[in-house]
Amino acid sequence: MPISIDVIIPSFRLTPATLLPILKLGRPADTLIRFFLIADNPTLVPDAGIAALVDNETVSLIINENNLGASATRNRGIEAGKGDWILFLDDDIEVNPDLLLTYATAAQQQSHEIGFIGLVTMPPAPTAFARAVYANGSMAIFGAAQHNEYFAWGASANIMVKRSALGDVRFSSAYPKTGGGEEVEFFLRIRAQNGFANYRCLPHAHAEHPWWNNGRADYTRFYRYGIGNSYLAQRNPAYRWYDFLNTPETLFCIVVAVFVVHFFYRPVVNYGLFFIAISLFAEYITNIMRVRRNNKKLSFGTAFNVMRLRLVYEWGTLIGNLKRFRLAGMGERFSYDGSTKARHFRLNRYKIVKLAIYTLAIIALVVYRQR
């Protein structure tokens with residue numbers, strides 16, 4: 001039985017070098033493929049090569065009249081098509097020549113699934129910053145299809161969902177325009193309204209994503225992710241749980257406490273600085289452990305960069321909550337694996353090491369004060 005697939009590609013620049021190979025992919029038999037390019041750039045003048053393919057039948061180009069952001073742009077693509085399946089792709093990926101065939105075959109043979117998660121890989125890390133991103137696991141969701149048979153959600157860079165499973169779920173405009181968090185919520189909500197059925201993984205539906213800025217250090221991106229992801233637990237309480245304060249939350253509490261107390265007891269400033277140093281030291285030690293465990297080798301430089309990544313991301317999450325006056329966001333965590341089981345204040349090796357360092361610091365301070 002023939003099926004139809006709408007391929008939705010949001011873009012700002014419509015770069016022909018990456019988009020033309022996607023638009024010219026081989027179409028599988030008995031499958032109607034329609035591409036929807038959604039340009040979130042009102043001033044855009046499309047490249048001649050792309051414009052030549054736009055026929056509003058197999059390839060449609062929609063240019064937003066205003067910059068709408070990631071969520072609204074993808075939603076325009078959803079509303080523009082009527083295909084049985086919706087394939088989301090990023091505009092800067094390189095895909096396998098048989099990508100559409102792989103998805104179409106899966107849709108034909110496993111039509112009961114709510115969707116399929118494709119595999120996204122990245123080239124070998126070209127810089128120390130990129131190696132830290134790998135070591136931190138920041139892009140682990142890209143490889144979900146490589147390590148799981150099913151998973152709760154996938155990156156919108158390469159994933160296909162069934163339109164009937166989608167229903168009225170859309171990407172939320174509550175998230176920042178630049179993105180962060182909206183795709184997690186979107187795919188989890190589709191999953192929830194389909195009996196919490198997970199998406200099937202398709203490792204052969206492969207795409208390669210380039211390193212942003214050729215791997216040059218860009219902590220702003222991860223800060224933005226933190227801002228966006230700060231909405232997840234608030235808007236999706238089924239996946240919310242609480243944990244010990246992370247380092248930025250701890251530092252924030254120390255600074256606030258010192259600011260309040262110093263009016264009455266000025267020496268508290270020294271104690272505050274001491275515990276700020278201890279918090280950063282504990283964070284660095286646990287990241288050395290994390291890098292050693294994940295990479296099977298010890299690298300103090302990589303551990304330092306991983307620490308910076310984690311601090312920037314967690315600082316973004318904290319700021320995102322504070323900007324909304326959400327003190328309830330302190331210690332609030334989100335289950336990115338789709339689990340709804342409470343896991344409040346569970347210990348692991350990293351938390352135990354941190355607690356041990358804090359305990360030793362307090363003991364040392366007490367002993368010093370008694371001398």
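**Exercise 1. Work out whether Phe 334 is buried or exposed in this predicted model, then describe how its ring sits against the ring of Tyr 336.**

Step 1. Start with Phe 334: its relative accessibility is 9%. Buried means under 20%, so Phe 334 counts as buried.

Step 2. Now do the partner. Tyr 336 comes out at 29% relative accessibility, so Tyr 336 counts as partly exposed.

Step 3. Next, the geometry. To describe a pair of aromatic rings, you give the distance of the centres and the angle of the planes. For Phe 334 and Tyr 336 the centres are 5.1 Å apart and the planes make 70 degrees.

Step 4. Planes over 60 degrees apart count as edge-to-face, so that's the label for Phe 334 and Tyr 336.

**Exercise 2. Classify the pair Tyr 134 and Trp 211, and find where its two members are in the chain.**

Step 1. The ring centres of Tyr 134 and Trp 211 are 5.3 Å apart, with the planes at 85 degrees, so this pair is edge-to-face too. The structure holds 18 aromatic pairs.

Step 2. Look up the addresses. Tyr 134 is in helix H5, while Trp 211 is in the loop between strand E9 (199-208) and helix H9 (219-229). They are 77 residues apart, so the pair links distant parts of the chain.

Step 3. Check accessibility. Tyr 134 has a relative accessible area of 41%, which makes it partly exposed. Trp 211, at 10%, counts as buried.

**Exercise 3. Describe the second largest pocket and the largest cavity, and say what lines each of them.**

Step 1. Take the pocket. Its volume is about 240 Å³. Of its 13 lining residues, the closest to the centre are Tyr 134, Met 139, Ala 140, Phe 142 and Gly 143. So Tyr 134, from the ring pair in Exercise 2, turns up again here.

Step 2. Which elements give two or more residues to this lining? They are strand E6 (115-121), helix H5 (128-136) and helix H6 (144-147).

Step 3. Sort the lining by class: seven residues are nonpolar, six are polar and none is charged.

Step 4. Now the cavity. A search of the whole structure turns up one cavity of 30 Å³ or more, and the largest cavity has a volume of about 50 Å³.

Step 5. Trp 211 is among its lining residues, along with Phe 129, Val 133, Trp 212, Arg 216, Asp 218, Arg 221 and Phe 222. H5 and H9 each supply at least two of the residues in this lining.

Step 6. By class, the cavity lining has five nonpolar, no polar and three charged residues.

**Exercise 4. Find out which residues of helix H3 are buried, and what covers them.**

Step 1. H3 runs over residues 70-80, and its buried residues are Ala 70, Ser 71, Thr 73, Arg 74, Asn 75, Gly 77 and Ile 78.

Step 2. Here's a helpful rule: an α-helix has 3.6 residues a turn, so residues three or four places apart point the same way.

Step 3. What covers these buried residues? The cover includes strands E1 (3-11), E2 (31-39) and E4 (85-89), plus helices H7 (163-166) and H8 (182-192).

Step 4. Zoom in on Arg 74. It lies over the face of Phe 171, at 5.2 Å from the ring centre. Phe 171 also belongs to a cluster linked by ring pairs, together with Phe 88, Phe 186, Phe 187 and Tyr 199.

Step 5. Finish with Gly 69, in the loop between strand E3 (59-63) and H3. Gly 69 is buried, at 5% relative accessible area. Leaving aside neighbours within four places in sequence, Gly 69 is in contact with Asp 40 and Lys 177.

**Exercise 5. Compare the backbone angle phi and the surroundings of Leu 14 and Asn 214.**

Step 1. Know the background: most residues other than glycine have a negative phi.

Step 2. Leu 14 has a positive phi, near 50 degrees. Asn 214 isn't a glycine either, and its phi is positive at about 60 degrees.

Step 3. Place them. Leu 14 is in the loop between E1 and helix H1 (16-23), and Asn 214 is in the loop between E9 and H9.

Step 4. Buried or exposed? Leu 14 counts as buried at 2% relative accessibility, whereas Asn 214 is exposed, with a relative accessible area of 57%.

Key
Residues numbered from 1 in each chain as written. Predicted model: local features only at pLDDT ≥ 70, side-chain atom pairs only at ≥ 80, totals over all residues. Heavy atoms only, no water. Buried < 20%, exposed > 50% of the residue type's maximum accessible area, 1.4 Å probe, protein only. Helix = DSSP H or I, 4+ residues; strand = E, 2+ residues; numbered from the N terminus. Contact = heavy atoms within 4.5 Å. 1 Å grid on protein atoms, 1.4 Å probe; cavity = no way out; pocket = protein on both sides within 12 Å on 5 of 7 lines; lining within 4 Å. Points joined across faces, edges and corners; volume = space filled by probe spheres on them. Nonpolar A, V, L, I, M, F, W, Y, C, P; charged D, E, K, R; others polar. Phe/Tyr/Trp six-rings, centres within 6.5 Å; stacked < 30°, edge-to-face > 60°. Lys NZ or Arg CZ within 6 Å of the ring centre and 35° of its normal.
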